[in-house]
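Let's take a walk through this one, starting from a spot on the surface and then following the charged pairs. Have the viewer open and click along as we go.

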Amino acid sequence: MVKAYLRYEAASSFGVIVSPDCNITYDNSGKHLLAAALEKLGVWHVRQGVCTKTLAPSPSSSTRGPSLAVTAIASSPSSLVACGYADGAVRIWDIEKGTCETTLNGHKSAVTVLRYNKLGSVLASGSQDCDIILWDVIGEAGLFRLQGHRNQVTDLLFLDSGKKLVSSSKDKFLRVWDLETQHCVQIVSGHHSEIWSIDVDPDERYLVTGSADPELRFYSVNNSLSDKKSGVEKIESDIDNGTAPVPNKWEILKFFGDIPRKTKKRVSMVRFNKPGNLLACLESGNTVEFFDVLDESESRRKAKKRIKRKEKKAVKGKTETTENGNPNVEVQESSEFLVTVSDVFQSREQLLKTIKKTICSIAFCPITQKGARPTLALSLGDSSLRMYLIGDMSKPTAAIELQGHRSDVRSVTLSSDNTLLLSTCSDAVKIWNPSTGSCLRTIASDYGVCAIFAPGNKYAIVGTKKGKLEIVDVLSGTCLDTVEAHGGSVQSIVATPDGFVTGSADKDVKFWEYQTTQKPDEAVKHLTVSPVRNLKMNDDVVAVAVSPEGKHIAVALMDCTMKVFFLDSLKFFLTLYGHKLPVLCMDISTDGDLIVSGSGDKNIKIWGLDFGDCHKSLFAHDDNVEAVKFVKNTHYFFTAGRDRKVKYWDADKFELLLTLEGHHSAVLCLALSNRGDFLLTGSNDRSIRRWDRTEEPFFIEEEREKRLEELIEYGMENDSEKYLSKEEVPEEGAVALTGKKTEETVNAADSIMEALDMAEEERKRIAQNEEKSKGRVADFRPNILMLGLSPSDYVLKSVSSVHTNDLEQALLALPFSDSLRILSCCKDWVAFRDKVELVGRIVTILLPIHHNQLTSTVSARPIVTLLKDILHARVKECKDTIGFNLAAMDHLKQLMAAKSDAPFRDAKRKLLEIRTQYSQKAEAGRRTKDEKRKKKKQKKIDDGHVWS
């Protein structure tokens with residue numbers, strides 16, 4: 001009989017607040033901060049400091065952990081949030097509902113940047129595959145792909161009410177795309193290194209770029225929106241000759257100037273705040289530099305002062321007659337190029353710096369109360385979030401850091417009743433609830449390498465890299481005592497029936513017992529430990545294992561051997577050798593018959609403890625084997641490796657049972673529950689993952705076949721990409737289709753072809769039945785698989801079931817004969833008013849693809865001619881209906897406004913606008929009076945001088 005095993009599946013993950021490889025952003029309300037935590041998107045309430053929602057792809061799709069890492073986030077004006085992933089997918093989430101609205105597949109590699117337009121109806125995505133894709137968020141489909149960059153796209157932004165798109169890349173160029181004509185209209189050069197970030201102020205006057213160059217470059221924006229809002233473009237001219245250049249309508253970006261930065265590191269991100277009066281420049285490392293952005297009147301005033309200072313300096317070096325004659329002429333000449341970049345952007349002296357912590361991303365809060373200072377959120381490299389008020393940056397106003405590890409998880413240990421989990425890292429010991437993933441205690445510590453719970457689970461013993469043992473009180477969350485245990489790092493701690501054993505790099509194995517002590521100034525006794533015995537080894541100890549029945553102790557040494565001793569007498573029993581590199585981990589089965597060792601040579605060896613013979617040597621992982629654990633009362637065991645995988649084995653059959661993928665970096669440690677119903681793993685990605693045993697049985701043969709199929713599919717995908725002919729993209733850029741071939745598109749194409757074949761057979765049956773009956777009533781039985789639908793309606797049902805984003809690639813996979821049959825069905829589908837849009841999409845996709853075959857095929861001409869006549873009329877009817885409905889809704893809105901108090905709702909805002917306009921006019925009049933008064937005063941002073 002074939003043996004069945006129970007499957008383990010991913011249940012939860014915790015310990016990460018924010019990933020260093022992704023940006024952070026606020027939602028549209030400014031109350032929540034969106035931060036990526038590996039494959040999850042965390043929605044953090046800023047004031048409460050708690051994670052209100054966690055958005056992650058469904059567990060069924062999370063087969064490969066690193067490919068699901070979130071790499072880019074963009075927040076829309078509504079409750080929708082777009083997330084880009086390392087596999088090239090873009091998922092749109094509704095953060096209020098906590099659901100994934102749609103998945104958009106188009107990029108071949110990781111998404112690097114996402115940006116919404118102002119309305120939130122169009123989403124632009126850039127990727128490491130050098131392409132830019134425009135997505136219709138409402139229609140949930142791709143619009144077009146823009147190609148032209150020669151390297152990774154680093155940033156995107158919309159201009160001119162979403163009519164133009166600016167992209168930056170590592171190829172040192174900026175490109176301006178006209179989205180109406182789908183062409184690159186301008187290529188901006190001048191950078192000497194890779195461009196990492198760009199941004200534009202809310203009024204779209206200036207665009208700033210950040211690169212590894214020692215300065216920030218600024219460009220004035222020439223579009224219809226900025227022409228209406230600002231007249232600053234008139235100021236810029238050719239400084240060399242002082243004459244205004246001939247305006248070029250395709251010159252959207254014009255170089256305005258550059259400002260040197262205070263540090264020499266490359267720029268990671270540049271961002272304007274919502275009002276546009278502040279610019280933040282994040283530099284690679286731990287520094288944020290700020291620039292004040294002056295408005296038009298202030299910048300003009302500053303420029304005039306600067307010019308007057310220049311004139312005064314020039315006047316001092318001239319004769320008296322020259323001083324009286326020339327200044328007015330100079331003012332007239334310089335008034336044409338009055339404002340320079342230093343007049344608009346003014347660097348602040350104060351910098352935001354973090355000590356020994358890398359800043360990965362920044363985000364301004366979109367909502368700032370009147371008179372309040374803007375808030376800046378930072379994501380740090382130690383997986384924490386901080387919020388600062390601009391102007392008072394000595395300490396953060398809020399911080400989110402206790403819920404996650406600051407560094408790699410070095411060890412995980414479960415309590416005897418499986419209710420508490422203890423994990424160690426470089427600077428802290430954390431105690432978790434393994435069921436909910438909530439952090440219960442955080443205790444400051446040295447670099448913890450290993451740990452165990454003391455009997456009773458009230459205390460824990462932590463072994464550190466400095467050779468000390470820390471005694472931790474679990475209930476109070478404090479470190480009670482520190483014991484100098486070893487002269488080197490404590491590599492392993494294992495419980496024994498009467499205490500515990502420690503192995504260290506100082507070549508000692510020490511046996512310890514528990515004691516209670518009471519300090520003179522304390523009323524309560526607490527736990528302490530003292531050494532009982534010492535076993536001296538001839539090399540550094542890497543790992544220690546004790547058999548559960550307390551008979552043997554095994555010690556792994558740096559010389560690639562394992563030595564087994566009797567625990568009671570410490571007499572030598574066996575030497576196990578065969579590994580080519582040092583043994584990093586080992587464990588003994590519950591019955592004491594088997595010992596499993598994992599090594600740096602990527603192999604595991606299964607040994608018998610009776611004679612020390614090697615039962616089997618298995619190639620386990622693609623990198624070092626870091627941890628191994630037996631399931632209690634069985635010969636099944638788990639291994640964890642630096643190849644980011646956890647594997648489940650049968651030691652009796654020497655078979656691999658399961659491979660658990662989910663970690664994004666090397667897996668360093670694991671812990672099993674007493675009953676074996678769940679498994680916990682810790683990794684370099686700072687996360688702890690829980691894997692639960694399910695009731696679903698599986699068989700070894702089925703799993704082996706599944707793994708082979710995955711390898712074959714993965715190899716086929718790689719081969720298809722490897723041998724795919726890549727056309728050279730022209731310098732001016734190109735436009736291509738948005739989608740990419742996926743498993744879903746292939747299945748959709750298969751279902752459409754199957755529906756077409758079934759419909760064709762049904763038509764033949766109907767025709768044969770009509771011939772046989774010849775006017776008589778005949779009993780015709782339709783195909784039950786067609787669900788009572790006509791052949792045309794059945795094909796329509798199959799096409800309509802295809803996801804909007806997959807339709808393009810599904811139709812691309814169809815042969816010409818099937819495409820022709822779909823076009824012939826379209827003339828029937830146009831009669832359905834709700835299917836006109838679908839028919840229009842199908843026709844616009846198929847006609848360009850099969851244009852040559854359609855023009856040369858005689859039978860296709862009547863179909864195309866008929867569609868031409870029908871489709872235009874039906875689309876016009878739909879447009880008229882939509883226009884009528886919009887006009888009716890606008891009329892109803894006006895009627896409701898007339899009957900309600902709606903006109904008074906915006907009265908306060910309008911009143912404030914009127915007051916602002918009056919104050920601006922009054923200020924302008926006051927400045928004019930002050931200038932006249934100064935001129936009169938200067939004239940009087942000049943008239944009173946001797947030379948007058």
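**From a greasy patch to charged pairs**

Ile712 is an exposed residue, with a relative accessible area of 51%; the cut-off for that label is over 50%. Keep in mind that what you're looking at is a predicted model. To find Ile712, go to helix H6, which covers residues 700-722. Ile712 also has company: together with Leu708 and Leu711, Ile712 makes up a nonpolar patch on the surface, and the three share about 320 Å² of accessible area.

Now for the charges. How many salt bridges does the structure hold? The count comes to 31 salt bridges, and we'll stop at a few of them.

Start with Asp155 and Arg271, whose side chains meet in a salt bridge at 3.4 Å, N to O. Asp155 sits in strand E14 (residues 153-159) and Arg271 in strand E22 (residues 267-272), so this pair ties together parts that lie 116 residues apart in sequence. And is Asp155 buried or exposed? Its relative accessibility is 2%, so Asp155 counts as buried, given that buried means under 20%.

Next up is the pair Arg348 and Asp292, with a salt bridge between their side chains at 3.0 Å, N to O. Arg348 is in the loop between strand E25 (345-347) and strand E26 (352-353), while Asp292 belongs to strand E24 (residues 287-293), so the contact links parts 56 residues apart in sequence. Arg348 counts as partly exposed, at 26% relative accessibility. Asp292 is partly exposed too, with a relative accessible area of 22%.

Finally, hop over to a pair of helices. Arg821 forms a salt bridge with Asp757, and their closest N and O atoms are 3.1 Å apart. Since Arg821 lies in helix H10 (residues 816-829) and Asp757 in helix H7 (residues 743-773), the bridge ties together parts 64 residues apart in sequence. Arg821 is partly exposed, with a relative accessible area of 21%, and Asp757 is partly exposed as well, at 39%. This pair isn't on its own, either: salt bridges with shared partners join Asp757, Glu760, Arg763, Asp818 and Arg821 into one network.

So which stops are worth a second click? Try Ile712 in its nonpolar patch, then the buried Asp155, and then the network that includes Arg821 and Asp757.

Key:
Residues numbered from 1 in each chain as written. Predicted model: local features only at pLDDT ≥ 70, side-chain atom pairs only at ≥ 80, totals over all residues. Heavy atoms only, no water. Salt bridge = Lys/Arg side-chain N within 4 Å of Asp/Glu carboxyl O. Helix = DSSP H or I, 4+ residues; strand = E, 2+ residues; numbered from the N terminus. Buried < 20%, exposed > 50% of the residue type's maximum accessible area, 1.4 Å probe, protein only. Patch = residues over 30% accessible without salt bridge, like charges linked within 9 Å, V, L, I, M, F, W, Y side chains within 5 Å. Areas by Shrake-Rupley, 256 points an atom, 1.4 Å probe, with all protein chains shown as cover.
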